[in-house]
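Here are a few notes to read alongside the structure, written for someone meeting this kind of picture early on. Take your time with each point and look back at the view as you go.

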Amino acid sequence: MGKKIALNVFYNLGLIVSIFGAVWAFNNTKYLVIVLFVATAAFFLYLKLQLIKEMRSALKKRQKDLG
């Protein structure tokens, strides 16, 4: 469980850095860098959603086993 929480924190940091990077690139008119940051943000968002889905199913299974 601790490993998944650490992964969630890492994904959140990746999303935040990607968003700030995209804003910086937009302000400096570096359009290729914007594409890179948007792609990494999408990747981190995808991984985060997969982790949330996995955690939900694990918690439901755990509740079934206890109850």
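The numbered points below walk through the helices, how they pack, and two residues worth a look.

1. Before anything else, please keep in mind that this is a predicted model.

2. Let's start with helix α1, which covers residues 2–27. How far apart are its end C-alpha atoms? They are 38 Å apart, and this agrees with the expected span because 26 residues at 1.5 Å a residue should also give 38 Å.

3. The same check works for α2, residues 31–66. Its 36 residues should span 52 Å at 1.5 Å a residue, and the end C-alpha atoms are indeed 52 Å apart, so expectation and model agree.

4. Now find the residues that are tucked away. In α1 the buried ones are Tyr11, Gly14, Leu15, Ser18, Gly21, Ala22 and Ala25. What do they pack against? Their partner is α2.

5. Turn to the other side of this contact. The buried residues in α2 are Ile34, Ala41, Phe44, Lys48, Leu51 and Met55. Notice that Lys48 is on that list. The cover over the buried residues of α2 includes α1.

6. How do the helices sit relative to each other? Two packed helices are described by the angle and the distance between their axes. Here the axes of α1 and α2 come within 8 Å and cross at roughly 155°. Angles over 145 degrees count as roughly antiparallel, and therefore α1 and α2 are roughly antiparallel to each other. Their crossing is left-handed. The residues in the contact of α1 with α2 divide into 18 nonpolar, 6 polar and 3 charged.

7. Asn12 is a nice residue to pick out in helix α1. Is Asn12 buried, partly exposed or exposed? With a relative accessibility of 28%, it counts as partly exposed, because that class lies between the 20% and 50% cut-offs. Asn12 also shows how folding brings together parts of a chain: Asn12 and Ala41 are 29 residues apart in sequence, while their C-alpha atoms are 9.7 Å apart in space.

8. Finally, look at the loop between α1 and α2, where you will find Thr29. Most residues other than glycine have a negative phi. Thr29 is not a glycine, yet its phi is positive, at about 50°. This residue comes just after α1, so do pause there when you trace the chain from one helix to the next.

Methods: Residues numbered from 1 in each chain as written. Predicted model: local features only at pLDDT ≥ 70, side-chain atom pairs only at ≥ 80, totals over all residues. Heavy atoms only, no water. Helix = DSSP H or I, 4+ residues; strand = E, 2+ residues; numbered from the N terminus. Expected span 1.5 Å × (residues − 1). Buried < 20%, exposed > 50% of the residue type's maximum accessible area, 1.4 Å probe, protein only. Contact = heavy atoms within 4.5 Å. Axes fitted to C-alpha atoms, helices over the stretch in contact; angles between N-to-C directions. Parallel < 35°, antiparallel > 145°, perpendicular 65-115°, else oblique. Left-handed = near helix turned anticlockwise from the far one by under 90°. Nonpolar A, V, L, I, M, F, W, Y, C, P; charged D, E, K, R; others polar.
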